[in-house]
Amino acid sequence: MSNHFPVNRELFNDVMVPNYAPSAVIPVRGKGSRVWDQEDREFIDFAGGIAVNCLGHCHPALVGALKEQGEKIWHLSNVMTNEPALRLAKTMVDNTFADKVYFANSGAESNEAALKLARRWALDNHGADKSQIIAFKQGFHGRTFFTVTVGGQAAYSDGFGPKPGDIVHAEYNNLESVKALISDKTCAVVMEPLQGEGGIVSPTEEFVKGVRELCDENNALLVFDEVQTGVGRLGELYAYMGLGVTPDILTTAKALGGGFPIGAMITTTDIAKHLKIGTHGSTYGGNPLACAVAEAAFNTVNDKAVLDGVKAKAELYIKGLNAINEKYNVFSEIRGKGLLIGAVLNEAYQGRAKDFLNAAMAEGVMTLVAGASIVRFAPSLVIPDEDIAEGLARFEAAVAKLTK
């Protein structure tokens with residue numbers, strides 16, 4: 001059956017809800033860290049589908065897992081379990097602090113599960129009074145109504161009616177602001193171990209350790225949202241491993257499936273027991289196809305050579321971006337960790353991150369933004385060094401045009 005209509009950017013306006021404003025470029029195929037559009041123009045991918053495509057496009061391990069499982073079984077309800085889900089859960093438990101895994105389809109759903117679990121744990125153990133959730137300004141935890149309210153950007157949660165209650169926001173990297181809010185009524189502190197959407201902000205070691213101590217003193221759970229930082233992005237399998245602090249609950253998605261939708265919440269046996277039969281669920285959570293692909297992604301990333309490679313490749317980006325900045329003077333700082341990098345625009349270019357993204361696209365390199373004044377890079381963890389060099393050359397050409 002052939003389409004009797006053109007499939008182009010105009011069609012988006014005809015048939016899609018207008019909450020996105022996608023680029024005019026429609027990619028149709030990818031290999032490694034290169035992507036080709038409908039006109040067969042080539043792009044270097046420094047965006048990674050927003051930190052999702054941790055092994056680039058069409059990685060043989062992922063394609064192999066998809067094809068193999070695709071010939072076996074695609075979906076079962078959670079009335080039954082399945083082999084890929086059990087294998088993936090076992091692998092995750094064996095390689096993290098956790099004892100138990102709950103599967104979902106996305107980061108938002110993983111966070112929703114974590115928040116519901118924290119509230120239920122507190123209710124069962126301490127009573128109805130202990131329901132306060134502390135999160136952070138500029139934090140981002142997804143777009144369900146609960147997670148977007150916990151997220152620290154009111155613009156995303158305003159305008160949909162009454163919000164879920166008993167949620168307060170402290171300042172990231174400011175331990176005093178957490179101290180001022182936390183009490184025996186706090187059930188959980190929810191934080192990213194590096195703020196992604198909020199501007200690629202790394203925490204200080206003192207801050208993370210201080211938050212852990214405050215949680216312990218006040219009988220509250222520490223929840224790490226590792227949706228963006230997890231599965232190798234910062235050069236550790238999970239970011240908590242490089243911070244010397246272990247959370248009580250951790251959420252993971254994005255890179256977990258390498259491009260196939262999957263999310264997970266992981267925790268200890270003692271906390272997990274509060275999600276007893278009937279308290280929470282998901283039709284697609286633990287889907288065999290998703291879990292088979294995620295197992296291949298997780299095992300491929302969880303390799304010393306790959307994780308060390310992330311740190312080495314990060315150096316190439318920082319060196320390259322600093323060299324561009326020496327010539328064109330557009331950034332006030334380059335920040336982040338591993339392959340989650342933010343180039344912060346200086347005074348002269350405040351608010352123009354989208355212009356940099358568009359100019360880069362025109363030169364054949366895909367980038368991201370984190371807010372209006374930060375250009376964000378979240379490439380494949382195994383991007384070849386020559387693709388980094390080529391992509392940075394294209395990015396420099398974009399900067400040169402913008403600053404002319």
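This dialogue concerns the pockets of a predicted model.

Trainee: How is empty space in a protein found, and how much lies in the largest pocket?

Mentor: Rolling a probe the size of a water molecule over the atoms shows where empty space is left. A pocket is an open set of points on a 1 Å grid over the protein atoms alone, where a 1.4 Å probe fits, with protein on both sides within 12 Å along at least five of seven lines. Here the largest pocket holds about 2000 Å³ of space, a volume being the space filled by probe spheres set on the points, which are joined across faces, edges and corners.

Trainee: Which residues lie nearest the centre of the largest pocket?

Mentor: Lining residues have an atom within 4 Å of a point. Of the 50 that line the largest pocket, Tyr-20, Gly-49, Ile-50, Leu-368 and Arg-376 lie nearest its centre.

Trainee: Which element gives the largest share of that lining?

Mentor: Helices (H or I, at least four residues) and strands (E, at least two) are DSSP runs numbered from the N terminus. Helix 13 gives the largest share, four residues; helix 2 (48-51), helix 5 (107-126) and strand 14 (368-369) are among the elements supplying at least two.

Trainee: How much space lies in the second largest pocket?

Mentor: About 660 Å³ of space lies in the second largest pocket. Its lining has 26 residues, with Asn-78, Val-101, Tyr-102, Phe-103 and Leu-275 closest to the centre. Strand 4 provides the largest share of this lining, four residues.

Trainee: How should the numbering and the model be read?

Mentor: Residues are numbered from 1 along each chain as its sequence is written. In this predicted model, local features need pLDDT of at least 70 and side-chain atom pairs count only at pLDDT 80 or more, while totals for chains, interfaces and linings use all residues; side-chain values use heavy atoms, leaving out hydrogens and water.
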